Amino acid sequence: MEDSSLPKRPARVRADAIKPFRCKNLIAVIEDPADVKNIGTVIRNVNALGVEKVYVVDPRRSLPDDWQELRGDKAISKISVSAVKWTFVKRFDSTDECFDYLEAKGFVSIVTSPHVKGKTSVCLDEGDYSVHAKLAVWFGSENTGISERAIERSQMCVSVPMFGMIESLNLGTSSGIVLYEVTKQRREYQSRYRFRNRRGERQTPLPTVMTPSEQAAPRE
């Protein structure tokens, strides 16, 4: 048993400081990523923004099943700036397998995909991402985007408005932009309410912004 009288290690100090800011029951899903480097970038975004977990649909089985083994992957650890050591990652063989697992756990899924027909579609800043207690946000392959199957099984599509000649973003950039908005909304919600109880606000709201001293907490 850990002796509470002993000074905490720097990493534990940081972990305690960020705990109130983590978005509970929020999962980022990467569907069939083509490059392991992009997995590392998304994991870094997820960890930095306070998303709870990362799921990877990996039909080519390029990742190990065991999260502890993945934590030791030098390529992913380097790209993620060691964020993989602090982020839970789970892999699935197929899109349907991942959806089945999420739905069994009560998660609602949204996908990031512009120009989608036949599906509720909103611009990023128009969506309300605190409606569902458990939310999974899907990001498609760098080469082909989100799959038709994922679109079919999701509740809605979210797009990032584009104003240039190029109408696409790479996986690292799009995941960072989308998850920033989603985590911002969910932090503001969970600051006031306990998911799903809107009948009474918290007596003491949770913080939504870290103080300079918390941001400066030492890290390993």
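Which residues lie nearest the centre of the second largest pocket? In this predicted model, they are Thr112, Ser113, Pro114, Leu169 and Ser174, and the views below take up the pocket, the sheet and the residues that link these topics.

**View 1. The second largest pocket and its lining.** The second largest pocket holds about 420 Å³ of space, and its lining is made up of 21 residues. Sorted by character, the lining of this pocket has nine nonpolar residues, ten polar residues and two charged residues. Both β7 (156-159) and α7 (171-192) supply at least two residues of this lining, and α7, with three residues, gives the most to it. As a general point, empty space of this kind is revealed by rolling a probe the size of a water molecule over the atoms.

**View 2. Ser113, one of the residues nearest the pocket centre.** Ser113, which belongs to the pocket lining, is found in the loop that runs between β4 and β5. Its relative accessible area is 10%, and because buried means under 20%, Ser113 counts as buried. Leaving aside residues up to four places away in sequence, Ser113 touches Ile146, Ile151, Cys157, Val158 and Ser159.

**View 3. The open sheet of seven strands.** Read across the sheet, the strands follow the order β3-β2-β1-β6-β4-β7-β5, and their pairing is parallel. The edge strands are β3 (88-92) and β5 (121-123), each of which pairs on one side only. From one strand to the next, the twist averages 25 degrees. In general, the strands of a sheet pair through backbone hydrogen bonds, in either a parallel or an antiparallel manner.

**View 4. Strand β4 and its two partners.** Strand β4, residues 108-112, pairs with β7 in the parallel sense over three bridges, while its parallel pairing with strand β6, residues 135-139, runs over four bridges. Val111 shows both pairings within a single residue, for its bridge partner in β7 is Cys157 and its bridge partner in β6 is Trp138. Strand β4 is mostly covered, since four of its five residues are buried. Cys157, the partner of Val111 in β7, is also among the residues that Ser113 touches.

**View 5. Helix α2 packed on the sheet.** Helix α2, residues 36-49, packs on the sheet and touches three of its strands, namely β1 (23-31), β2 (51-57) and β3. The direction of helix α2 makes about 160 degrees with that of β2.

Note on methods:
Residues are numbered from 1 along each chain as its sequence is written. This is a predicted model: local features need pLDDT of at least 70, side-chain atom pairs count only at pLDDT 80 or more; totals for chains, interfaces and linings use all residues. Side-chain values use heavy atoms; hydrogens and water are left out. On a 1 Å grid over the protein atoms alone, a cavity is a set of points where a 1.4 Å probe fits but cannot get out, and a pocket is an open set with protein on both sides within 12 Å along at least five of seven lines; lining residues have an atom within 4 Å of a point. Grid points are joined across faces, edges and corners, and a volume is the space filled by probe spheres set on the points. Ala, Val, Leu, Ile, Met, Phe, Trp, Tyr, Cys and Pro count as nonpolar, Asp, Glu, Lys and Arg as charged, and the others, Gly among them, as polar. Two strands pair if DSSP finds at least two bridges between them. Axes are lines fitted to C-alpha atoms, for helices over the stretch in contact, and angles run from 0 to 180 degrees between N-to-C directions. Contact means heavy atoms within 4.5 Å. Buried means under 20% relative accessible area, exposed over 50%, partly exposed in between (1.4 Å probe, protein chains only).
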